[in-house]
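Got the viewer open? Let's take a walk through this one together, one selection at a time.

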Amino acid sequence: TQLRLNASVTIQHANAITAEAWQQMQPMSRICYSADIAPDTQTADISSGFTDQQWDERQEIANGPYGYQNFAILEMTINSIECLDLSVNGHQRIRFQRTDKGSNAWHHQWLAP
């Protein structure tokens with residue numbers, strides 16, 4: 001099954017919304033935002049995203065402000081969803097779309113795969 005979404009996105013960063021979510025997060029979840037090796041950095045060996053020193057100090061770092069700067073919330077308003085189901089018995093594809101912008105009413109339309 002393949003999904004395609006069309007959406008409007010607002011990035012929430014370093015504001016009241018993210019501050020409240022950050023405070024409600026468990027420290028072990030905050031650790032995920034505290035790595036000191038940037039995502040997509042090539043490494044010679046398998047990497048957790050942390051240098052050895054950062055890994056050893058991860059509990060303390062998770063309780064400090066470091067990871068918060070890397071934390072954001074994406075608020076999405078989905079406008080349409082397409083679903084393609086690949087099957088040996090025949091593919092099926094359907095699109096769900098909002099009837100009006102900002103509306104909670106949806107309609108669907110079958111499409112050729």
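Which side chains meet in a salt bridge with 2.6 Å from N to O? Select glutamate 82 and arginine 93, and you have the pair. Keep in mind as you look around that this is a predicted model.

**Stop 1: around glutamate 82**

Colour the two strands that hold this pair. Glutamate 82 sits in strand S2, while arginine 93 belongs to strand S3 (residues 92-98), so this salt bridge ties together parts that are eleven residues apart in sequence.

Keep glutamate 82 selected and add arginine 95. Here is another salt bridge, with 3.2 Å from N to O. It also joins distant parts of the chain: glutamate 82 is in strand S2, arginine 95 is in strand S3, and 13 residues separate them.

Now add arginine 4. Its salt bridge with glutamate 82 has its closest N and O atoms 3.8 Å apart. This pair reaches from strand S1, where you find arginine 4, to strand S2 with glutamate 82, and the two are 78 residues apart.

With those four selected, you can see the whole group: Arg4, Glu82, Arg93 and Arg95 are linked in a network of salt bridges. The structure holds three salt bridges. Why might such partners pair up at all? Side chains of opposite charge can do so when their charged atoms come close.

Switch on the surface for a moment. Is glutamate 82 buried or exposed? Glutamate 82 counts as buried because its relative accessible area is 12%, which is under the 20% cut-off. Arginine 4, in contrast, is exposed at 54%, and arginine 95 is partly exposed at 23%.

**Stop 2: a nonpolar patch**

Leave the surface on and select Leu3, Leu5, Val9, Ile11, Leu74 and Met76. Together they make a nonpolar patch on the surface, with about 620 Å² of accessible area. Strand S1 (2-12) and strand S2 (73-85) are the elements that each give two or more residues to this patch. Which of them gives the largest share? That would be S1, with four residues.

Click on methionine 76 for a closer look. You'll find it in strand S2. Its relative accessibility is 46%, so methionine 76 counts as partly exposed.

**Stop 3: a negative patch**

Next, select Asp52, Asp56, Glu57 and Glu60. These residues gather in a patch of negative charge on the surface. Pick out glutamate 60, which has its place in helix H4 (residues 58-62). With a relative accessible area of 55%, glutamate 60 is exposed.

**Stop 4: the cysteines**

Last selection: cysteine 32 and cysteine 83. How many disulfides does the structure hold? Zero. Check the surface around each of these residues too. Cysteine 32 counts as exposed, at 63% relative accessibility, whereas cysteine 83 is partly exposed, with a relative accessible area of 21%.

Before you close the viewer, go back to the network of Arg4, Glu82, Arg93 and Arg95, and try tracing its salt bridges again from glutamate 82 to arginine 93, to arginine 95 and to arginine 4.

Conventions: Residues numbered from 1 in each chain as written. Predicted model: local features only at pLDDT ≥ 70, side-chain atom pairs only at ≥ 80, totals over all residues. Heavy atoms only, no water. Disulfide = S-S within 2.5 Å. Buried < 20%, exposed > 50% of the residue type's maximum accessible area, 1.4 Å probe, protein only. Patch = residues over 30% accessible without salt bridge, like charges linked within 9 Å, V, L, I, M, F, W, Y side chains within 5 Å. Areas by Shrake-Rupley, 256 points an atom, 1.4 Å probe, with all protein chains shown as cover. Lys, Arg positive; Asp, Glu negative; His and termini not counted. Charge placed at Lys NZ, Arg CZ, Asp CG, Glu CD.
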